[in-house]
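Trainee: I would like a close look at a single part of this model, together with the surroundings into which that part is packed. Could you take me through it step by step?

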Amino acid sequence: GHFGRFGGRFMPEALIAPLDEITRAWQEAQADPTFTAELDRMLREYANVPSPLYEAHRFSEAAGARVLLKREDLNHTGAHKIRNVIGQALLAKRIGKPRCIAETGAGQHGVASATACAYLDLECTVYMGEVDTERQALNVARMRMLGAEVVPVTTGSRTLKDAINEALRDWVASVDTTHYLFGTAAGPHPFPAMVRELTRGIGDEARAQCLELLGRLPDAAVACVGGGSNAIGLFTGFVADPDVRLVGIEAGGDGVETGRHAATITGGSVGVLHGARSYLLQDEDGQTLESHSISAGLDYPGVGPEHAYLAQTGRAEYRPATDAQAMAAFELLCKTEGIIPAIESAHALAGALTLAQELGPDATILVNLSGRGDKDVHTAAQYFGLI
Ligand SMILES: Cc1ncc(COP(=O)(O)O)c(/C=N/[C@H](C(=O)O)[C@@H](O)C(C)C)c1O
């Protein structure tokens, strides 16, 4: 479970056995045609996968280069998260765990977890920072409608980091009946690799769709990076194509130089958080710092270890987009394409606008539109003074 010097599983002794059990079960499931056939069937018939590749002509004109959008916002539940949760919920069934727990920040992973558990008749408890339950209240309502228990977390900074800590505390006490349905490509082994494998359909599909549409590969593949799942899902399909630049866009918040951001690779340092060695925002004593972003889904002081590795080897590059840049890109997509993106995804769009200026009009830029903006309408309406 290593990516160069990154990754590993720095976890309490009590969780080593369940982590071993998931690792073994996942290896067996991947080799079991019944499991993979059921996973593919559910993705196709239930989750609306594969997602379309859409050429955004008017956004491209505004950007000054050709922009293609991978429409993960059109998946069932409105984001890429459904890919990961269907695989992990099927695995929970396979190992006889009647209950799943999950952490969530933006609420998309929580909604996807509640959805998969409703479909597969599993109990579902979602831990969510109290701050996030307020700014993503719509998703709290959706999770409860889908039959999940949502536990507002009031410890620490009351955001995603604290939700993960609470979920881990639950799991230590419930390993016999419960699978921790981890929401991003971070955490202890096997989660980063398993979530990458469950999400890599994004990049594998997009690569084939680009060859069909363009007759060649794109010049760059761009995705926002919170914990890292939608970005690693997009990048993996292209990592062996050296002419395709891989660009991860982190949450620059008020600007990295202000200290109020969630740009973990750009503004952080190597350390251990939530079971893996990667980059994180920490003070000189190794205490995790609070992150800041207008986007709940990117508001996380850690990042998946495979991104740390791709950054260190130089195969991928990571740049920040501030709240203001993301919201400007959010508005531009709304008004040029009639698509309201998730604020997380708007960070990737902001990165694409900058890259378009650098690469020029002949460039083709593939952007992962990781989710739709229904959950963010209130935040965006307040930001733009529409209500
Ligand atoms: C639409 C959308 N796009 C991107 C992200 C960033 O998460 P990654 O793709 O795992 O980097 C997210 C993250 N959402 C998670 C959630 O909904 O709980 C996030 O807050 C945590 C799981 C990390 C998202 O909802």
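Mentor: What follows is a close reading of one helix, and then of the core and the pockets elsewhere in the model.

The model is a predicted one, and the part I would choose is helix H5, which covers residues 108–120. At 1.5 Å a residue its 13 residues should span 18 Å, and because the end C-alpha atoms are 18 Å apart, the expected and the modelled lengths agree. Of those 13 residues 11 are buried, so H5 is largely enclosed by the rest of the structure. The buried set runs through Gln108, His109, Gly110, Val111, Ala112, Ser113, Ala114, Thr115, Ala116 and Cys117, and Leu120 completes it. What do these buried residues pack against? Their partners are helices H2, H4 and H7 (137–145), along with strands E5 (99–104) and E6 (123–129). Just after H5, Asp121 adopts a positive phi of about 60 degrees.

Two of those partners lead on to other features, and I would take H4 before H2. Helix H4, residues 81–94, gives the most to the largest nonpolar core, contributing 7 residues. That core has 58 residues, among which Ile86, Leu91, Met143, Trp171 and Tyr180 touch the most other members. Leaving aside residues up to four places away in sequence, Ile86 touches Leu39, Met42, Leu43, Tyr46 and Ala47. A second core, separate from this one, consists of 28 residues, including Ala56, Ala65, Val247 and Ile249. As a general background, nonpolar side chains tend to be buried together in soluble globular proteins.

Helix H2 (33–45), for its part, belongs to the surroundings of the largest pocket, to whose lining H1 (16–30), H2, H9 (191–199) and H10 (201–214) each supply at least two residues. The largest share, 6 residues, comes from H2. This pocket holds about 370 Å³ of space, and of its 17 lining residues, Leu39, Asp40, Leu43, Glu197 and Leu198 are the closest to its centre. By character, the lining divides into 7 nonpolar, 4 polar and 6 charged residues.

The second largest pocket, with a volume of about 160 Å³, has a lining of 8 nonpolar and 2 charged residues, with no polar ones. Helices H14 (323–337) and H16 (377–383) are the elements that give two or more residues to that lining, and H14 gives the most, with 4. Among the lining residues are Phe330, Glu331, Cys334, Lys335 and Phe384.

How values were computed:
Residues are numbered from 1 along each chain as its sequence is written. This is a predicted model: local features need pLDDT of at least 70, side-chain atom pairs count only at pLDDT 80 or more; totals for chains, interfaces and linings use all residues. Side-chain values use heavy atoms; hydrogens and water are left out. A nonpolar core is a set of buried Ala, Val, Leu, Ile, Met, Phe, Trp, Tyr and Cys residues joined through side-chain atoms within 4.5 Å. Buried means under 20% relative accessible area, exposed over 50%, partly exposed in between (1.4 Å probe, protein chains only). Contact means heavy atoms within 4.5 Å. On a 1 Å grid over the protein atoms alone, a cavity is a set of points where a 1.4 Å probe fits but cannot get out, and a pocket is an open set with protein on both sides within 12 Å along at least five of seven lines; lining residues have an atom within 4 Å of a point. Grid points are joined across faces, edges and corners, and a volume is the space filled by probe spheres set on the points. Ala, Val, Leu, Ile, Met, Phe, Trp, Tyr, Cys and Pro count as nonpolar, Asp, Glu, Lys and Arg as charged, and the others, Gly among them, as polar. The expected span of a helix is 1.5 Å times one less than its number of residues.
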